[in-house]
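Reader: I should like to study this structure step by step. May we proceed by question and answer?

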Amino acid sequence: MSRFIPVRETILAAAIVVLLILIASRFSGFVAPSNLVNVFNDTAPLIILALGQMVVILTRCIDLSVAANLALTGMAVAMINVAFPGLPIPFIIAIAICLGGAMGAINGLLVWKLAIPPIVVTLGTMTIFRGIIFLISDGKWVNAHEMSEGFTGFPRAAVLGLPILSWCAVLSVIVFAVMMSRTALGRSIFAVGGNPHAAVYTGIDVGKTQFKAFVISGALAGLTGYLWVARYAVAYVDIAGGFELEVVAACVIGGISIAGGIGSVGGAVLGALFLGVVKNALPVVNISPFWQLAISGSAILIAVAFNAQSGRKKGRLILKDAEATR
Amino acid sequence: MTDIAAQRHIPDRLHSRAYRTMRSWESLLLAVAIAIFIVNSFASPYFLNAWNLSDATFNFTEKAMIAFAMALLIIAGEIDLSVASIIALASTAMGLATQYGAGTPELVVIGLSVGLLCGAFNGFFVTILGLPSIVVTIGTMSLFRGISFIILGDDAFRGYPASFSWFGQGYIYWVFTVEMMLFVIIAVIYGVLLHKTNFGRAVYAIGNNPTAALFSGIRVQRVKFILFLLTGLMSGVAAICLTSRLGSTRPSIATGMELEVVTMVVLGGVNILGGSGSIPGVVIAAFVMGLVTFGLGLLNVPGIVMSIFIGLLLIGVIALPRLWTMLASRGKS
């Protein structure tokens, strides 16, 4: 029975529903379909990035450079758009994905070939990417009136009632669900995080898989970079500052184990949605937005404590497992 | 082999190798520091000036105070990403107390105790509930700063007593600032604690193999709890210095400092996976980072561009020795 109903995801989904009911009991307008579409659209970048971060965390790494990657790609495509306003949007998106993927590849290569711990690598590249934005832009902003209409209009264009930004998130979720459950890459990602030694003996290259995870995360950050800059119609150095931790938080709330190997696409999406609902609901229920940080911090702590309880091994432990204290 | 677990299960080889690289690491860092010092003195005529150099120490003293405690924590295999938020919360608490007429001694007590409380809060989740510290402190990082935002909102606290400014702006002797003296004293205390006491030995043992440490009679959880208390306490000290130096508290105070502290520790040769590192390394790394930012500042390089250099330094210093050994072993075979 428990094989078919994933406990964590069900509880998280229930928590979101309860949250929505509580908000709706006082402000029914919040659960109107049009508003829920808005909430989903607001959360779409977080969902896309959380999927990439999930893959990285599953392989026992962490990518702290996603927000900086997003900002650098966003600035780059915005400047390309200013210089060549005629470039078609698919071409811009391709550039964004490739650029983001290339930055992810830098992280991945340093982790794979030089065996530098991922947290150190991405801490370094995070500050480097942010600095490069300043260098290429000279600290100047790229504003709405400088961007072409097609560039800013694309993520907002509605298809079947949903903006394209939301469709990008939906599409990413579907692609990831298939990739994680139906492809060799998805299996090797779980295998590398679950037990690297066993993975090596089954013929999986641990470093190479981690490299691929970083490239995937980078490519998604690049895509989000374009969508973000085009949606808000502005690009500057500090775009999405500190967003990397919100992305990690979404994964953690979604039950993805920071020690690797445990997690699901549904968990990452629900974790992001939970944060998105909280963020959007605060002004509606008359709580000052200043509470947002404290509330999301508490949510992370509660979620982690809960996950640790449910994941605890049953029975008597004679030898405390070394992995548990890691 | 890139995976963490594999490195952890060969402690003997790793330790001796790590120990050797650590020794050469400190000399490498020292060479980097001296090189930057020389480049700086040629690059700007304003560099070699006792008052300037004394001012330059503010670039790193507050971060380094936390970095010492953080070094112990990382050596023991944990991490605390909430230190900058502890500064914000301690600073907010001190600001709040000032509004009710607290004097300098009370402010110091409040700053230190808020730091200790936050450290205990982190320690509780990590050692008693057994949760991974990186996740717990990402949570408390939002929580502590969030409480500051709830208390302060858009406001800033000012009006600290005049005697309070001594901590961040005072001089003990000639050009030597109070903060510089604190930095030296704290460095010596942590150096002795880590390298000369049983406690320090326990920290290394836990970082290399927590299970073995447990079975050799080390109270692993208690040591870790004390280490979280220490990072909290040091964040409290840094909060006192920073608040006193700036003379005001905003909820966004010290934003992003946690990553600079971790960078300083890693640059100082502490293995981010735990088990090795030294206090002298962290001291030299503090000077390197201070010299880089100060030198670039004299050349009118904007702060955000300095971060490129810090990032490159972090990756470069760690990558170069590995690249070197890789090329050397390739040449042999």
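Reader: How many salt bridges does a search of the whole structure find over all chains?

Author: The model is a predicted one. A pair is counted when a side-chain nitrogen of Lys or Arg lies within 4 Å of a carboxyl oxygen of Asp or Glu. Over all chains, the number of such salt bridges is seven.

Reader: Which residue forms a salt bridge with D42(A)?

Author: D42(A) belongs to helix α2 (residues 33–58) of chain A, and its partner belongs to helix α10 of chain A. The pair links distant parts of the chain, 189 residues apart. The closest N and O atoms are 2.8 Å apart, and the partner is R231(A).

Reader: How is α8(A) oriented with respect to α10(A), roughly parallel or roughly perpendicular?

Author: Helix α8 (residues 184–194) and helix α10 (residues 206–232), both of chain A, have axes that come within 10 Å and cross at roughly 115°. Angles of 65 to 115 degrees are given one name. Therefore α8(A) is, relative to α10(A), roughly perpendicular.

Reader: Which residues in α10(A) are met by residues in α8(A)?

Author: The crossing of these two helices, α8(A) and α10(A), is left-handed. From α8(A), the residues taking part are L185(A), S188(A), I189(A) and V192(A). In α10(A) they meet V206(A), T209(A), Q210(A), K212(A) and I216(A).

Reader: How is α1(A) oriented with respect to α12(A), roughly parallel or roughly antiparallel?

Author: The axes of helix α1 (residues 7–26) of chain A and helix α12 (residues 265–284) of chain A come within 9 Å, crossing at roughly 15°. Because angles under 35 degrees share one description, α1(A) is, with respect to α12(A), roughly parallel.

Reader: How many nonpolar residues does the contact of α1(A) with α12(A) have?

Author: The α1(A) side includes L12(A), I16(A) and L19(A), while the α12(A) side includes L270(A), F274(A) and V277(A). By class, three residues of this contact are polar and one is charged, and the nonpolar residues number 13.

Reader: In chain B, what is the handedness of the crossing in which α4(B) passes α13(B), left-handed or right-handed?

Author: Helix α4 (residues 61–75) and helix α13 (residues 257–267) of chain B have axes that come within 9 Å and cross at roughly 65°. Their contact has eleven nonpolar, no polar and two charged residues. The crossing of α4(B) and α13(B) is right-handed.

Reader: What percentage of residues 107–126 of chain B is helix?

Author: The unreviewed UniProt entry lists residues 107–126 of chain B among its "transmembrane region" features. The end C-alpha atoms of this span lie 29 Å apart. Strand accounts for 0% of the span, and helix for 100%.

Note on methods
Residues are numbered from 1 along each chain as its sequence is written. Chains are lettered from A and ligands numbered from 1 in the order in which they are written. This is a predicted model: local features need pLDDT of at least 70, side-chain atom pairs count only at pLDDT 80 or more; totals for chains, interfaces and linings use all residues. Side-chain values use heavy atoms; hydrogens and water are left out. Axes are lines fitted to C-alpha atoms, for helices over the stretch in contact, and angles run from 0 to 180 degrees between N-to-C directions. Helices (H or I, at least four residues) and strands (E, at least two) are DSSP runs, numbered from the N terminus. Angles under 35 degrees count as roughly parallel, over 145 as roughly antiparallel, 65 to 115 as roughly perpendicular and the rest as oblique. A crossing is left-handed if the near helix is turned anticlockwise from the far one by less than a right angle, and right-handed if clockwise. Contact means heavy atoms within 4.5 Å. UniProt positions are given in the numbering used here, feature names are shortened, and annotations may be inferred rather than shown by experiment. Ala, Val, Leu, Ile, Met, Phe, Trp, Tyr, Cys and Pro count as nonpolar, Asp, Glu, Lys and Arg as charged, and the others, Gly among them, as polar.
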